[in-house]
Amino acid sequence: MLSLDPRRILIDPPGLQLILDQPSTLVVDASVELAAPRFDGDYQVASGRQAWLQDHIPGARHADLLEALADPSADFSFALPDPRSLEHALGALGVGRAENIVLYDRHDGFWAARLWWMLRSLGIAARMLDGGFKAWRRAGLAECSGEEAGGENPTELTLTPLPGYWASHETVQAVAAGEAPGTLVCALSAALFEGRAVTRYARRGHIPGSLNRPARALFDAQGRYLPPAALAQALGADLLNGTQPLILYCGGGISAAATALALTLLGREQVAIYDGSLQQWAADHALPMTTGAAPA
């Protein structure tokens with residue numbers, strides 16, 4: 001079960017270097033390649049495995065969020081798989097053998113946050129490399145290329161999902177209709193939220209009644225999470241001090257995970273992610289969407 005103090009969720013490159021060679025440490029690269037859309041509905045995604053093969057932190061394994069750690073039968077990308085599939089995929093990574101799990105990606109930290117939230121929802125504590133692979137590289141620390149040993153003997157895992165970490169499509173519909181308690185929070189940029197920018201998804205805009213807290217506003221110029229006071233200001237007192245459950249979404253439940261991690265750092269409870277997010281919601285034209293800024 002979870003035991004990691006929220007204040008210790010983040011680890012910096014020197015801190016990771018200190019524990020990198022310990023047998024109990026598992027480092028995981030969760031990178032995925034998601035291209036910027038050229039027109040509405042332009043959704044192009046690819047595995048980050050090739051980039052990981054080119055260069056990664058020594059000993060890091062690559063987590064396949066696109067396929068191995070997703071439900072291929074779902075009608076949206078990165079859907080949370082069933083527990084048995086997760087047991088197989090995480091066991092192959094060596095999760096069951098590790099006492100210190102450190103996650104990173106080579107982009108903005110959102111992919112690593114997604115895997116962090118998945119593990120957390122299963123009662124598995126993990127840490128995030130603050131600033132990701134870019135921070136590791138800026139620190140001038142060692143890099144490797146090619147395959148890593150360790151996948152030959154997968155770990156046997158028995159996982160039990162914890163309640164409250166994921167909001168179903170039906171729950172989001174009820175909250176949006178005012179039929180269930182909760183606050184919807186969109187983690188996309190203001191331009192995407194308001195419908196001013198090209199979107200990867202079927203329709204522009206956001207779920208009616210949502211607040212907008214862009215996930216990118218939670219990081220400094222080096223891609224590290226802001227200090228607690230600045231993080232609290234970016235998230236807003238209404239989110240941190242409110243009593244309503246928070247349901248976070250974005251395009252595919254990825255940016256929302258970075259926001260979920262930030263809220264966890266500040267001790268906010270009753271936080272869930274809408275897994276299908278706008279990829280699922282916008283595709284159903286019977287569901288309402290709106291554009292423009294959120295009401296003041």
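**Cores and helices in a predicted model**

Visitor: In this predicted model, which residues does Leu69 touch, not counting residues up to four places away in sequence?

Guide: Contact here requires heavy atoms within 4.5 Å. With residues up to four places away in sequence left out, the list for Leu69 is Ala63, Asp64, Ala79, Pro81, Leu86, Ala89, Leu90, Leu93, Leu115 and Met118.

Visitor: Which helix gives the largest share of the largest nonpolar core?

Guide: The largest nonpolar core has 75 residues, and Leu65, Leu69, Leu90, Leu103, Leu115, Tyr225 and Leu248 touch the most other members. Nine residues, the largest share of this core, come from residues 110-120, which form helix α4. Apart from this core lies another, of 15 residues, including Ile19, Trp52, Ala60 and Phe133. The helix asked for is α4.

Visitor: How many residues of α4 are buried?

Guide: A residue is buried when its relative accessible area is under 20%. Among the buried residues of α4 are Phe110, Arg114, Trp117 and Arg120. The helix is mostly covered, and the count of buried residues is 11 of 11.

Visitor: Against which elements do the buried residues of helix α6 pack?

Guide: Helix α6 spans residues 169-176, and its buried residues are His169, Val172, Ala174 and Val175. Just after α6, Gly178 has a positive phi of about 75°. The partners of the buried residues of α6 are β8 (166-167), β9 (183-186), β11 (246-249), β12 (271-274) and α11 (277-281).

Visitor: Which residues does UniProt list for "domain: Rhodanese"?

Guide: The end C-alpha atoms of residues 21-145 lie 17 Å apart, and those of residues 189-290 lie 15 Å apart. According to the unreviewed UniProt entry, the domain covers residues 21-145 and 189-290.

How values were computed: Residues numbered from 1 in each chain as written. Predicted model: local features only at pLDDT ≥ 70, side-chain atom pairs only at ≥ 80, totals over all residues. Heavy atoms only, no water. Core = buried A, V, L, I, M, F, W, Y, C linked by side-chain atoms within 4.5 Å. Buried < 20%, exposed > 50% of the residue type's maximum accessible area, 1.4 Å probe, protein only. Helix = DSSP H or I, 4+ residues; strand = E, 2+ residues; numbered from the N terminus. UniProt positions renumbered as here; feature names shortened; annotations may be inferred.
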